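I sat down with this one to see how the chain is put together. These are my notes, in the order I looked things up.

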Amino acid sequence: RLKVVPVDLSKAKLFVIQAEEAVSELGNIQTLRIQFDLEFDFLRETRNGLHYQAKPIGRAQTDHAIATAKSLLAAAWDILN
């Protein structure tokens, strides 16, 4: 059973800050699979589909995953500010 909980903006902002730090470090990681896996565990269906089909993760998927993370972070900051 789910319960409604009060909004905690400090925790939300901390979460977004930590997510931004993780995204900013992606440029330092050269291995595409590691870049993809680090940021996109929450896109499990896509990743699991790629793993199940044993397809390699290429630059296009990695770039898309990073762009999605950056968009989500920008939207989170819009909501929090």
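The entries below go from the whole chain down to single residues.

**Ground rules.** I am working from a predicted model, so I kept to the cut-offs: pLDDT of at least 70 for local features and 80 or more for side-chain atom pairs, while totals for chains, interfaces and linings use all residues. Numbering runs from 1 along each chain as its sequence is written, and side-chain values use heavy atoms, with hydrogens and water left out.

**Whole chain.** I looked up the secondary structure first and got four helices and zero strands, in the order α-α-α-α. Helices here are DSSP runs of H or I with at least four residues, strands are E runs of at least two, and both are numbered from the N terminus. Of the 81 residues, 22% are buried. My scale is relative accessible area: buried is under 20%, exposed is over 50%, and partly exposed is in between (1.4 Å probe, protein chains only). The accessible surface comes to about 6,300 Å², with 59% of that from carbon and sulfur atoms; the areas are Shrake-Rupley with a 1.4 Å probe, and for residues only the protein chains shown count as cover. I also checked contacts, meaning heavy atoms within 4.5 Å. Among those with a separation of 6 or more, 65% join residues 24 or more positions apart.

**Core.** Which residues make up the largest nonpolar core? I found seven: Val16, Ala19, Val23, Ala69, Leu73, Trp77 and Leu80. α1 (9-25) and α4 (59-80) each supply at least two of them, and α4 gives the largest share, four residues. A nonpolar core here is a set of buried Ala, Val, Leu, Ile, Met, Phe, Trp, Tyr and Cys residues joined through side-chain atoms within 4.5 Å. Leaving out residues up to four places away in sequence, Leu73 touches Val16, Ala19, Glu20 and Val23.

**Helix α1.** I checked its length: 17 residues at 1.5 Å each should span 24 Å, and the end C-alpha atoms are 24 Å apart, which agrees. The expected span is 1.5 Å times one less than the number of residues. Val16, Ala19 and Val23 are buried in α1. Down the axis, the buried residues fall within an arc of 60°, so they line one face; the arc is taken from the directions from the helix axis to the C-beta atoms. On the other side of α1, Ser10, Lys11 and Ser24 are exposed. At the start of α1, a side-chain oxygen of Asp8 comes within 3.2 Å of the backbone nitrogen of Ser10.

**Helix α4.** For 22 residues I expected 32 Å and got 31 Å between the end C-alpha atoms, which agrees. Buried in α4 are Thr62, Ala65, Ile66, Ala69, Leu73, Trp77 and Leu80. They cover an arc of only 110°, which puts them on the same side of the helix. Ala60, His64, Asp78 and Ile79 are exposed on the other side.

**Arg59.** Is Arg59, in helix α4, buried or exposed? Neither: at 42% relative accessibility it counts as partly exposed. Arg59 touches Leu32 and Gln35, again not counting residues up to four places away in sequence.

**Asn28.** I found Asn28 in the loop between α1 and α2 (32-39). Asn28 is exposed at 55% relative accessible area, and its side chain makes a polar contact with the side chain of Glu25 at 2.9 Å. A polar contact is a pair of N or O atoms within 3.5 Å; within protein, one must be able to donate a hydrogen and the other to accept it, and residues adjacent in sequence count only if both atoms are side-chain atoms.
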